[in-house]
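Trainee: I have a new model open and would like to practise reading it. Could we go through it together, one question at a time?

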Amino acid sequence: MEKSGKKRTGLLLIALFLGYTMVYIDKLSVGYSLIPISAEFGLEPAAKGMIMSAFFLGYAIMQIPMGLVINKVGSRVVLIGSVLGMGLFSFLFGFGTSLIMFMSLRFLTGLLAHSGYASSASKEVTMNFPPEKRTFAQGILLSSSGVAGFIGPLALSPIITNAGWKNAYMILTALAVSIAIFLIIAIPRNEKSKEKADAVATKTDKVSILVVWSDIRVWVLFLSSFFINCLLYGLSSWVPSFLTGERGLDLNGAAVVSSVGGLFMLIGSIGGSYVVGKYFQHKEKAVVAITAILGALSAFGSYYIGNLVLLSIVMGLANFFLIISFVTMMSIPLRIFEGAKFAPSYGTLATGGILGGFVSPTLIGKLVELANGQYISTFIFFLIVGLLTAVTIMFIKQK
């Protein structure tokens with residue numbers, strides 16, 4: 001029975017990991033596809049930023065309601081529906097012909113497809129893994145950002161260059177459908193009875209959102225998540241444009257630099273979550289603060305590096321520290337929120353991160369336009385939000 005349980009949870013973790021990989025590839029694809037799209041349709045940097053931010057606006061609007069939906073219908077339904085939604089909107093995005101259409105489709109992708117995946121996956125972790133293994137399990141899931149960041153650019157760039165951005169989105173559609181089928185097979189069907197049993201055990205079958213919002217820890221994590229995601233999504237969204245614009249690389253060259261960052265993220269998310277989970281339990285906020293500062297300093301310093309090899313390494317180090325900070329931060333809710341409080345609490349703090357993703361791309365687009373195509377103000381912005389992450393997280397109270 002024990003072996004059977006380990007096999008089932010292992011299969012579940014693989015399925016959730018693949019779903020998360022699709023989430024990050026979908027986010028990553030826009031930064032690369034917008035380079036040929038902007039050339040084809042004459043889009044300015046501010047317009048590109050609006051397309052990126054439209055996704056996060058939809059994501060943010062639905063995040064808290066989705067936490068309540070998860071409690072109502074179960075995380076399994078939301079997970080499968082999310083990945084299928086990514087496939088549908090990727091398919092439609094391939095037929096985009098105008099700024100309004102691109103913005104609308106990305107808005108709907110965030111609103112209906114992405115908004116429920118992270119909370120649902122985290123709830124599956126809380127239901128199927130003991131507390132001492134949740135940090136590492138969450139780290140494995142979020143390490144998909146490193147896998148997507150490493151493989152995604154190397155795969156997407158040649159496809160976009162040789163087959164065109166429209167065909168790239170047809171491939172993403174097929175990938176999403178395949179992963180959704182695997183999720184259907186791997187996720188347990190009896191989750192509702194388990195959730196009910198957990199709710200009875202913790203006496204939290206129903207909980208008011210006002211009760212959730214009265215917990216100051218939710219808002220500390222909300223602000224911390226906002227600042228770190230301003231940095232993370234700003235880097236992932238605009239580094240391809242920075243490298244092809246100010247540094248003069250072609251799309252494939254920019255993809256190589258970005259993939260090095262993805263490799264560092266992969267190492268940081270898996271190795272960092274293991275080390276933090278084993279040696280720094282109940283000291284997570286210090287880890288978040290230190291790595292956020294190191295990541296912000298590395299990102300800022302990379303602007304002044306001319307050698308591409310050294311630039312790749314320093315940007316990689318920025319990604320390495322920032323993903324450790326992010327993964328560790330997102331493991332804190334798994335320890336301090338339980339039962340029916342978990343999904344709305346996680347959804348609230350995730351909304352902070354998503355708002356960071358909404359603000360950052362548009363703000364950076366404006367900064368680049370005001371600086372006549374230069375990115376120095378962008379990297380100063382990265383430094384500021386990294387330091388704000390470190391300051392904010394120190395106010396969290398961990399039991």
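Trainee: How do the residues of the lining of the second largest cavity divide into nonpolar, polar and charged?

Mentor: Happy to start there, and keep in mind that this is a predicted model. The second largest cavity has a volume of about 220 Å³, and 18 residues line it. Sorted by type, they come to 13 nonpolar, 4 polar and 1 charged.

Trainee: Which residues lie nearest the centre of the second largest cavity?

Mentor: Look first at the elements around it: H1, helix H5 (117-128), H11, H14 and H15 each supply at least two residues of the lining. From the full set of 18 lining residues, those nearest the centre are Lys27, Tyr59, Ala118, Tyr233 and Phe326.

Trainee: Where does the second largest cavity lie with respect to domain 1 (1-190) and domain 2 (208-398)?

Mentor: The chain is divided into these two domains, 1-190 and 208-398. Both of them give residues to the lining of the second largest cavity, so its place is between domain 1 and domain 2.

Trainee: How many residues of domain 1 are in contact with domain 2?

Mentor: Begin with the separation of the two domains: their centres, taken over C-alpha atoms, are 18 Å apart. On the domain 2 side, 50 residues take part in the contacts, and on the domain 1 side the number is 50.

Trainee: Now for the largest cavity: which element gives the largest share of its lining?

Mentor: A search of the whole structure finds 4 cavities of 30 Å³ or more, and the largest holds about 600 Å³ of space. Its lining has 36 residues, with Leu28, Leu232, Leu235, Ser236 and Met265 closest to the centre. Two or more residues come from each of H1, helix H2 (45-73), helix H7 (144-163), helix H11 (216-245), H12, helix H13 (284-302) and helix H14 (308-336). The largest share, 8 residues, belongs to H11.

Trainee: How many residues in the lining of the largest cavity are charged?

Mentor: Both domains take part here, as domain 1 and domain 2 each provide at least three residues of this lining. By type, the lining has 23 nonpolar residues and 11 polar ones, and the charged residues number 2.

Trainee: Let's turn to the pockets. Which residues lie nearest the centre of the second largest pocket?

Mentor: This pocket has a volume of about 380 Å³. Its lining has 19 residues, and nearest the centre are Phe129, Pro130, Lys133, Phe136 and Ala137.

Trainee: Which element gives the largest share of the lining of the second largest pocket?

Mentor: The elements that give two or more residues to this lining are helix H1 (2-41), helix H6 (131-142) and helix H12 (251-279). By type, the lining divides into 6 nonpolar, 8 polar and 5 charged residues. Since domain 1 and domain 2 both contribute to it, the pocket lies between them. The largest share, 6 residues, is that of H1.

Trainee: Is Thr351 buried or exposed?

Mentor: You will find Thr351 in helix H15. Beyond its neighbours within four places in sequence, Thr351 is in contact with Ala60, Gln63, Ile64 and Phe222. Its relative accessibility is 6%, and the cut-off is under 20%, so Thr351 counts as buried.

Trainee: And Asn372, is that residue buried or exposed?

Mentor: Asn372 sits in the loop between helix H15 (342-370) and helix H16 (376-393). Its phi is near 55°, a positive value in a residue other than glycine. With a relative accessible area of 69%, Asn372 is exposed.

Trainee: Stepping back to the whole chain, what is its radius of gyration?

Mentor: The chain has 16 helices and 0 strands, and its C-alpha atoms fill a box of roughly 60 × 40 × 40 Å along the principal axes. For 399 residues, a compact globule would have a radius of gyration near 21 Å, and the chain agrees with this, at 20 Å.

Trainee: Last one: what percentage of the residues in the chain are buried?

Mentor: Consider the contacts first: among those with a separation of 6 or more, 86% join residues 24 or more positions apart. As for burial, out of the 399 residues in the chain, the buried ones make up 58%.

Methods: Residues are numbered from 1 along each chain as its sequence is written. This is a predicted model: local features need pLDDT of at least 70, side-chain atom pairs count only at pLDDT 80 or more; totals for chains, interfaces and linings use all residues. Side-chain values use heavy atoms; hydrogens and water are left out. On a 1 Å grid over the protein atoms alone, a cavity is a set of points where a 1.4 Å probe fits but cannot get out, and a pocket is an open set with protein on both sides within 12 Å along at least five of seven lines; lining residues have an atom within 4 Å of a point. Grid points are joined across faces, edges and corners, and a volume is the space filled by probe spheres set on the points. Helices (H or I, at least four residues) and strands (E, at least two) are DSSP runs, numbered from the N terminus. Ala, Val, Leu, Ile, Met, Phe, Trp, Tyr, Cys and Pro count as nonpolar, Asp, Glu, Lys and Arg as charged, and the others, Gly among them, as polar. Domain bounds come from an automatic or database domain assignment. The radius of gyration is taken over C-alpha atoms; the globule rule is 2.2 Å times the number of residues to the power 0.38. Buried means under 20% relative accessible area, exposed over 50%, partly exposed in between (1.4 Å probe, protein chains only). Contact means heavy atoms within 4.5 Å.
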